[in-house]
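Ready for some practice at reading a protein model? Take a look at the sequence and the structure, then work through the exercises below.

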Amino acid sequence: MIIKHLLMHNFGVYAGDNIFRFTGKKPIVLIGGMNGRGKTTFLNAVLLALYGSKSFAFRESPYKQYGLYLRSFVNENDRTKKTFVELEFEAETNERNTYRIQRSWDGNLQRISEIIEVYKDGILDEFLTDNWNMYVEEIIPSGIASLFFFDGEKISELAAESSDEMIKDSIKRLLGINVIEQLSDDLGRTTRRVEKSIQVVDEKELVQKRELKEECEAKAVKIEEELAKLQQQKEQISRQKDEAFDQFRSIGGIVSEQKSEQEKRYHELETDIKMLNQQLIDLSASELPLFMVRSLLQNIQEQVDREREQKNNAIFESSALFVGAK
């Protein structure tokens, strides 16, 4: 595995976008820095991107729920509480490919769950997205990830005399033995929990429960029979309904159905009549009366024209007599 870049957005001490690019050709990355500058957060981001809830960093953390573990890394400086980590690396299984994994989550939600997207050679791969936890085990199994990704502070612990158990644990992870021990421990806890929940039931109570069971079964059979009868009645009523409707149509039910449409049309026509009447009233209050006596007005106009002509002629004649006498 050759890491190409790591992008952290609002993750831990890294506010906003923080991208680390690596141009080396060897599968070794060494991160140095002062205490409290984010070296462990950087390692947690790599492990989280690769393994999610299977990260040994999560298993060794004080958080028992994965959602709380994710919430602990939300940086709230920009107040969005949107967080994601993105890791891109090259790996060779059958052929050399470039993988980019992004895990994002929203710190505003009451129950946090991550969204994972996996890109292969720059293209979103739905199969890898759905099966990444299984696929990454073929590259670097999560059981031995601590042998490849580790905090430099733990090197001194490996060199200490009291580090035998840590070395044993690493070897067990390498060989997969720790999985068997973990399963054994889980099985033991489950067995103890079941044993505590089991209550001793005496024979009398057992008989009562058996009788109650038989009584409930008899009631269930009776209810099923009643349900079947009700179903038959429902089908019979449905047939009667169809027959009644057919009869209704045959005796003029269609006319009855059309009554509402005719009444609606009647009301529409009545409204139109009222509008026309109002228009007639408006016309009567304006030019309509004059239009009704149009011929009379024309006669009056002609009479006025004749009288005006006669008057003009009389004036003309009197003027001519006056000029002649002079």
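## Exercise 1: around F149

Find the contacts of F149, leaving aside its neighbours within four places in sequence.

*Solution.* Start with the term: contact means heavy atoms within 4.5 Å. With that cut-off, F149 touches M1, L43, V46, L47, L50, Y51, F56 and I140.

Before going on, note that this is a predicted model, where local features need pLDDT of at least 70, side-chain atom pairs count only at pLDDT 80 or more, and totals for chains, interfaces and linings use all residues. Residues are numbered from 1 along each chain as its sequence is written, and side-chain values use heavy atoms, with hydrogens and water left out.

## Exercise 2: the core

Work out which residues touch the most other members of the largest nonpolar core, and which element gives the most to this core.

*Solution.* First, the terms. A nonpolar core is a set of buried Ala, Val, Leu, Ile, Met, Phe, Trp, Tyr and Cys residues joined through side-chain atoms within 4.5 Å. Buried means under 20% relative accessible area, exposed over 50%, and partly exposed in between (1.4 Å probe, protein chains only).

Next, the members: this core has 40 residues, and L50, F89, W132 and F149 touch the most others. Elements giving two or more residues include β1 (2-11), β3 (82-92) and β4 (96-106). The top giver is α1, with 9 residues. Helices (H or I, at least four residues) and strands (E, at least two) are DSSP runs, numbered from the N terminus.

## Exercise 3: salt bridges

Say where R100 and E86 lie, and whether they are buried or exposed.

*Solution.* A salt bridge is a side-chain nitrogen of Lys or Arg within 4 Å of a carboxyl oxygen of Asp or Glu. The structure holds 8 of them. In one, R100 meets E86 at 3.5 Å, N to O. R100 sits in strand β4 and E86 in strand β3, so this pair ties together parts 14 residues apart in sequence. Both residues are buried.

Now compare a pair within a helix: how far apart in sequence are D305 and R308?

*Solution.* The closest N and O atoms of this salt bridge are 3.2 Å apart. D305 and R308 both lie in helix α10, 3 residues apart, about one turn of the helix. D305 counts as partly exposed because its relative accessible area is 35%. R308 is partly exposed too, at 45% relative accessibility.
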